[in-house]
Amino acid sequence: MHGDGCAMPLPDGHFDAVVCFTMLHHVPSPRQQDQLFAEAFRVLRPGGVFAGCDGRASWGFRLIHLRDTYVPVPPETLPDRLRAAGFHTPGISLRPDYFRFRAVRP
């Protein structure tokens, strides 16, 4: 299936989990990132988990994205952004060069 993570051609409340690995920074704007979070929420069943990881902003991470979309997600903003999409209990685990997250649809 080929689609847009901000407008997935999938049914509401159908999946147990949605995951994304090292791709959020490729979403062209914070507004579209928030749309992606809302779409993940929409397609999850109650109790479903949204989880993933992404790189933290740095010069090195930026350099490997020259001529590429690079909109890093500040991990300190992610819990509030996930709550705004409807998720409960978002958790963030920080590492020096990346972060992991997990949130649950109530």
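This report walks through the sheet, the main helix, the core and the cysteines of a predicted model.

## The sheet and its order

Let's begin with the strands. Four of them make up an open sheet, arranged in the order E1-E2-E4-E3 with mixed pairing. Its edges are strand E1 (15-21) and strand E3 (88-94), each of which pairs on one side only. On average, neighbouring strands in this sheet are turned by 10 degrees against each other, with direction ignored.

As general background, strands of a sheet pair through backbone hydrogen bonds, in either a parallel or an antiparallel sense. Both senses occur here, since the pairing of this sheet is mixed.

## Pair by pair across the sheet

Starting from the E1 edge, E1 and strand E2 (residues 44-55) run parallel and are joined by six bridges. If you would like a residue to look for, Phe 21 has Cys 53 in E2 as its bridge partner. Moving on, E2 pairs with E4 in the antiparallel sense, over seven bridges. Cys 53 turns up again at this step, with Arg 100 in E4 as its bridge partner.

The last step is from E4 to the other edge. Strand E4 (residues 98-104) and E3 run antiparallel, with five bridges between them. These two strands form a hairpin, with three residues between them. Two pairs are handy for finding your way around: Ser 93 is partnered by Arg 100 in E4, and Leu 94 stands opposite Phe 99 in E4.

## Arg 100, a useful landmark

Arg 100 lies in strand E4 and has bridge partners on two strands: it is the partner of Cys 53 and also of Ser 93. Leaving out residues up to four places away in sequence, Arg 100 touches Gly 52, Cys 53, Gly 91, Ile 92, Ser 93 and Arg 95.

Is Arg 100 buried or exposed? It falls in between, because its relative accessibility of 38% makes it partly exposed. Arg 100 also shows how the fold brings separate parts of the chain together: its C-alpha atom is 9.0 Å from that of Phe 21, although their positions lie 79 residues apart along the chain.

## Helix H1 on the sheet

Helix H1 (residues 30-43) packs on the sheet, where it touches E1 and E2, and its direction makes about 145 degrees with that of E2. The helix has 14 residues and reaches 20 Å from its first C-alpha to its last, close to the 20 Å expected at 1.5 Å a residue.

The buried residues of H1 are Gln 33, Leu 36, Phe 37, Glu 39, Ala 40, Phe 41 and Val 43. Their cover includes E1, E2 and H3. Gln 33, found in helix H1, deserves a second look: its relative accessible area is 1%, so it counts as buried. Beyond its neighbours within four places in sequence, Gln 33 is in contact with Leu 24, His 25, Val 27, Val 71, Val 73 and Arg 81.

## The nonpolar core

The largest nonpolar core has 20 residues, and those with the most contacts inside it are Phe 37, Phe 50, Leu 82, Phe 87 and Phe 101. Elements giving two or more residues to this core are E1, H1, E2, helix H3 (78-84) and E4. Of these, H1 gives the most, with five residues.

Phe 101 is a good place to centre your view. Not counting residues up to four places away in sequence, Phe 101 touches Cys 20, Leu 24, Phe 50, Ala 51, Gly 52, Cys 53, Leu 78, Leu 82, Gly 91 and Ile 92.

## The cysteines

How many disulfides does a search of the whole structure find? The search finds zero. Why is Cys 20 not bonded to Cys 53? The sulfur of Cys 53 is the closest cysteine sulfur to that of Cys 20, but the two are 7.8 Å apart, which is too far for a bond. A disulfide would need the sulfur atoms within 2.5 Å.

Both of these cysteines are buried, with Cys 20 at 7% relative accessibility and Cys 53 at 18%. The Cys 53 value falls under the 20% cut-off for buried. Phe 101 touches both Cys 20 and Cys 53, which links the cysteines back to the residue just described.

Definitions and conventions:
Residues are numbered from 1 along each chain as its sequence is written. This is a predicted model: local features need pLDDT of at least 70, side-chain atom pairs count only at pLDDT 80 or more; totals for chains, interfaces and linings use all residues. Side-chain values use heavy atoms; hydrogens and water are left out. Two strands pair if DSSP finds at least two bridges between them. Helices (H or I, at least four residues) and strands (E, at least two) are DSSP runs, numbered from the N terminus. Axes are lines fitted to C-alpha atoms, for helices over the stretch in contact, and angles run from 0 to 180 degrees between N-to-C directions. Contact means heavy atoms within 4.5 Å. Buried means under 20% relative accessible area, exposed over 50%, partly exposed in between (1.4 Å probe, protein chains only). A nonpolar core is a set of buried Ala, Val, Leu, Ile, Met, Phe, Trp, Tyr and Cys residues joined through side-chain atoms within 4.5 Å. The expected span of a helix is 1.5 Å times one less than its number of residues.
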